[in-house]
Amino acid sequence: MVTDVEPQSAHFGEAGGRLVYGSYLHLPELLSQQQLKSDPPAHDELLFITIHQAYELWFKQVLHELERARDDMLAGDSYFPRQLLGRVHVIERLLVTQIDVIETMTPQDFLVFRSLLAPASGFQSIQFREIEFISGHSDPGYVERVRGATEDEVARLHRRAAEPSLWDAFCGLLELRGLPMTDEATRRASLLAIARDRPAYGDLWDLSEALVGHDELAAQWRSRHVAMVERQIGVKSGTGGSSGSAYLRTRIPMRFYPELWELRTYL
C-alpha cells in the first residue's frame with residue numbers, strides 16, 4: 001500500500017545520519033579550550049577555567065534573551081518580553097549558585113596558580129559589560145579603561161552604549177500605550193497609574209516587575225561575588241590591578257531601574 005507518510009527513521013535515530021551529538025555541539029573543540037597555565041598542573045585550575053567559561057556561555061544566552069525582549073518591547077509587545085525575562089531570571093539564579101562551586105576551591109589551592117593569571121581579570125569580561133549596558137547601566141568610560149579588548153569587542157561596547165536599553169524600550173512601550181514618559185515626574189505618574197490599575201495594565205505591571213527581578217538578581221550576583229572574592233583572597237588587589245573587593249563593593253548598590261524601585265515609596 002502506498003502512503004504519503006515518511007518512515008520516522010528518515011528524520012530521527014541513527015538511520016537519519018544527519019548529525020551526531022559531539023559534532024553538533026563541537027565537543028572536541030569545546031573540550032580542548034581548557035588550557036592550564038600552571039606547570040606542574042594545579043588541580044583546581046581546571047575548575048577555575050571551566051567555571052568562567054561556563055559563565056561566558058550563559059552571558060551569551062542572557063544577551064540573546066535580553067536583546068529579543070528589548071526589541072519586542074520596541075515593537076509594542078509585552079507578552080514575549082515577560083517570558084524571556086523569566087528565562088533570564090532562571091539563568092541568573094543559576095549564575096548566583098554557580099559561585100558555590102568556586103568556593104569548593106580553598107584559598108590555598110587558588111594561590112597555587114593565581115599569580116599566573118595577571119593581568120587577566122573578570123573586569124575584562126566584555127559580555128558582562130554588554131549585559132549591564134543593555135540593561136540600562138551604560139558606562140562609556142569603561143570602554144576606555146578595559147585592557148586587552150579586541151577591535152571587535154570595543155566596537156560591540158560602543159554599539160551597546162549607543163543602542164536602546166531595556167529601560168528605553170519599556171518607556172517606549174508605555175508611550176505606545178498612551179502613558180507619557182517624558183520626564184521623571186511624568187514617568188512616576190504613569191508608573192503609579194499602572195500599579196494602581198492592574199485590571200487595565202496588568203501586563204505592563206508584570207513586565208515592570210520582571211525588570212525589577214532582573215535587577216535584583218544581578219545585584220544578588222554582585223553581592224555573592226564580593227563575598228566569594230573576600231573568602232578567597234581577602235582584601236588583596238585584583239589580578240587586573242583593581243582594588244579587588246573594595247572596588248566590587250562600590251558596585252553592589254547599582255540599580256538598572258531606580259525609578260521602578262522608587263515607585264514603592266509613592267504607592
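User: How many cavities of 30 Å³ or more does a search of the whole structure find?

Analyst: The model is a predicted one, and the search of the whole structure finds two such cavities.

User: What makes a space count as a cavity and not a pocket?

Analyst: A 1.4 Å probe fits in a cavity but cannot get out, whereas a pocket is an open set of points. The largest cavity holds about 180 Å³ of space. It is lined by 13 residues, and Glu92, Phe128, Ile131, Ala218 and Trp221 are the closest to its centre.

User: Which helices supply at least two residues each to the lining of the largest cavity?

Analyst: They are α3, α4 (79-102), α6 (126-135) and α11 (198-233). Helix α11 has the largest share, with five residues.

User: How do the residues of that lining of the largest cavity divide into nonpolar, polar and charged?

Analyst: Nine are nonpolar, one is polar and three are charged. Glu92 is among the residues closest to the centre of this cavity, and Glu counts as charged, whereas Phe, Ile, Ala and Trp count as nonpolar.

User: What volume does the second largest cavity have, and which residues line it?

Analyst: Its volume is about 70 Å³. The lining is made of Glu184, Arg187, Arg188, Leu191, Glu259, Glu262, Leu263 and Tyr266. Both α10 (184-196) and α13 (258-266) supply at least two of these residues.

User: How do you know what classes the lining of the second largest cavity holds?

Analyst: Glu and Arg count as charged, while Leu and Tyr count as nonpolar. Applied to this lining, the classes give five charged, three nonpolar and no polar residues.

User: What lines the second largest pocket, and which helix gives the most to its lining?

Analyst: The pocket, with a volume of about 200 Å³, is lined by Leu30, Leu31, Gln33, Gln34, Thr50, Gln53, Ala54 and Leu57. Helix α3 (residues 45-74) gives the most, with four residues. By class, this lining has four nonpolar, four polar and no charged residues.

User: Why is the contact of Glu103 and Arg224 called a salt bridge?

Analyst: Side chains of opposite charge can pair when their charged atoms come close. The cut-off is a side-chain nitrogen of Lys or Arg within 4 Å of a carboxyl oxygen of Asp or Glu. The closest N and O atoms of Glu103 and Arg224 are 2.8 Å apart, so the pair meets this rule. Glu103 lies in the loop between α4 and α5 (107-111) and Arg224 in helix α11, so the bridge ties together parts that are 121 residues apart in sequence. By this rule the count comes to 20 salt bridges.

User: Glu103 and Arg224: which of the two is buried, and which is partly exposed?

Analyst: Buried means under 20% relative accessible area. Glu103 has 15% and so counts as buried. Arg224 has 23%, and a value between 20% and 50% means partly exposed, so Arg224 is partly exposed.

User: What salt bridges does Glu163 form with Arg159 and with Arg160, and where do the closest atoms stand against the cut-off?

Analyst: The closest N and O atoms are 3.2 Å apart for Glu163 and Arg159, and 2.9 Å apart for Arg160 and Glu163. Both pairs are therefore within the 4 Å that the rule asks for. Glu163 is buried at 15% relative accessible area. Arg159 is partly exposed at 39%, while Arg160 is buried at 4%. Salt bridges that share partners join these three residues with Glu67, Arg70, Asp71, Glu130, Asp152 and Arg156 into one network.

User: Why is Leu19 called exposed?

Analyst: Exposed means over 50% relative accessible area, and Leu19 has 60%, so Leu19 is exposed. Leu19 is found in the segment before α1 (21-24). Together with Tyr21, Tyr24 and Leu25, it makes a nonpolar surface patch of about 510 Å².

User: How many helices and strands are there in the protein chain, and what part of its residues is buried?

Analyst: There are 13 helices and zero strands. Of the 267 residues in the chain, 39% are buried.

Notes. Residues are numbered from 1 along each chain as its sequence is written. This is a predicted model: local features need pLDDT of at least 70, side-chain atom pairs count only at pLDDT 80 or more; totals for chains, interfaces and linings use all residues. Side-chain values use heavy atoms; hydrogens and water are left out. Patches are made of residues with over 30% relative accessible area and no salt bridge: like charges are joined within 9 Å, nonpolar side chains (Val, Leu, Ile, Met, Phe, Trp, Tyr) within 5 Å. Accessible areas come from the Shrake-Rupley method with a 1.4 Å probe; for residues, only the protein chains shown count as cover. Buried means under 20% relative accessible area, exposed over 50%, partly exposed in between (1.4 Å probe, protein chains only). On a 1 Å grid over the protein atoms alone, a cavity is a set of points where a 1.4 Å probe fits but cannot get out, and a pocket is an open set with protein on both sides within 12 Å along at least five of seven lines; lining residues have an atom within 4 Å of a point. Grid points are joined across faces, edges and corners, and a volume is the space filled by probe spheres set on the points.
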